Amino acid sequence: MTIILLLICTVLFFKYIFSSYSSFISRLLLILFTIFFVICLIAYPKEAVQAAQNGVDMWFNIVLPSLLPFFIGAELLIRLGVVRFIGTILQPLIRSVFNVPGEGSFVFAMSLTSGYPVGVKLVSKLRKDGVFTREEGQRVMSFSSTSGPLFMIGAVAIGMFQSMHLGTIIAFSHYLGAIATGIIFRFYKRKPTDKVYPVHKKQPGVLSALKDLLDSKSYSKQPFGKVLGESVKESIETILLVGGFIILFSVIIKILILSKIIFFLSGLLLPLWKWLGLNQEIQNGIVSGIFEITVGCKLISEVQSISFIQQAIIATMIISWSGLSIIAQAASMIQDTDLNISVYIGSKLLHSIFAGIFALFLVPVYKLASSNIATPVINSTQSYGLAETWFNKAFFSVQMFTVISITFLVASIVFSSIFNKFICIFPSKNRV
């Protein structure tokens, strides 16, 4: 294995020197990585099988009941044209803030409530349907690829760090970071000819939006049975894909730990760690979080000599980065579109930086607002809601999706009414 690692490092060096042979060297790198992976599977068969089993358990018991209802429900709303209806109503607000069509608001809402990788999946779907241009798709992905509150507060803050206060800080910092990233990306490849919604112009009312919905191509003329069947089929394919990546990266992370590559990668950044004053345990947690956020957060939660503010900043940045596991899932979902994964990776890096900055400022503010912040208790064996049955989790996800969808639809209609009344009360001289 040492020989394979040396070969990989050598190939990386030659790729940097001989950039004209980049394609050939990239292929050679892929072959070497695959050989290294297979050798590790042979060297650590028991550990690899156990890691794969853990990945299957995580996917079946947590991811499947949590995300499948959102995948199916979102597919139905898109195919039935409800997303088009909401997008028409919220066009002025979303266009003015993020420079994207109103449908981006639905993607953002679904991502906020369900988590990775629902936002990227919906952007890919709407890009294929022609709702977003390439540039608009990249902008929506920049702020609509977020973690869900159940994971941040339930699994990470309470389950790992055992601190509800930490969960509140992580969630707020994460979502504020996403919004800040979206505002920055509103200028991504912006052209002088880009549409800017005229706020002085009266917005189409609910009836107009409904008429536009029924007349548009987004309204499916197919029987509901066929629409439902296609939605379920595509959702099952997506959730199986997500499961495959979870299992794969569970094995990869285990191999990286067993082969000491995590420690090797951590050593490469030793000057940075010394400058930041981080010990070896924190370093390993951060490097692991680059690959997979659950493993990274778990390792950080087990560090004894770490302050509350360090926990908040590091956990928030790891979750906002999303990890190479989620990025690989995103790459597979957008492979049939013209969306650029490199731009997406850049947006996640920016999201992580913004979220860390927000966490840095929110911790002292939160301490001032709450004088009884609990110190995290490490390495407890208590269970926090993990004993719920599979069907209870699935039913809860269905309930959440239904409530969020209805609330979002009603809020859109209310916004439309208030916006039009505001325009009528304060008419603009430039109205056309």
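Buried means under 20% relative accessible area. That cut-off is used throughout these views of a predicted model.

**View 1. Helix H4, a largely enclosed helix.** Helix H4 covers residues 82-98. Of its 17 residues, 12 are buried, so the rest of the structure largely encloses H4. Among the buried residues are Val83, Phe85, Ile86 and Gly87. Thr88, Ile89, Leu90, Gln91 and Pro92 are buried too. Ile94, Arg95 and Phe98 complete the list.

**View 2. The kink in H4 at leucine 90.** H4 bends here by about 70°. The kink comes shortly before proline 92. A straight helix of 17 residues would span 24 Å. H4 spans only 21 Å between its end C-alpha atoms. Just after H4 comes asparagine 99, with a positive phi of about 60°.

**View 3. A salt bridge from H4 to H7.** Arginine 95 and glutamate 136 meet through their side chains, at 3.3 Å from N to O. The pair links distant parts of the chain. Arginine 95 belongs to helix H4, and glutamate 136 to helix H7 (residues 134-143). The two residues are 41 residues apart. Both are buried.

**View 4. A salt bridge within helix H3.** Arginine 79 pairs with glutamate 75 in a salt bridge. Their closest N and O atoms are 3.2 Å apart. Both residues lie in H3 (residues 45-80). They sit 4 residues apart, about one turn of the helix. Arginine 79 is buried, as is glutamate 75. A network of salt bridges links Glu75 and Arg79 with Lys121, Glu230 and Glu234.

**View 5. The salt bridge of aspartate 129 and lysine 125.** The side chains of this pair meet at 4.0 Å, N to O. Is each partner buried or partly exposed? Aspartate 129 has 43% relative accessibility, so it counts as partly exposed. Lysine 125 has 11%, so it counts as buried. In total, the structure holds 8 salt bridges.

**View 6. Serine 288 in helix H14.** H14 runs over residues 280-291. Serine 288 has a relative accessible area of 1%, so it is buried. Which residues does serine 288 touch, not counting those up to four places away in sequence? They are Ile253, Ile262, Val295, Gly296 and Leu299.

Note on methods. Residues are numbered from 1 along each chain as its sequence is written. This is a predicted model: local features need pLDDT of at least 70, side-chain atom pairs count only at pLDDT 80 or more; totals for chains, interfaces and linings use all residues. Side-chain values use heavy atoms; hydrogens and water are left out. The expected span of a helix is 1.5 Å times one less than its number of residues. The bend at a residue is the angle between axes fitted to the seven residues ending there and the seven starting there. Buried means under 20% relative accessible area, exposed over 50%, partly exposed in between (1.4 Å probe, protein chains only). Contact means heavy atoms within 4.5 Å.
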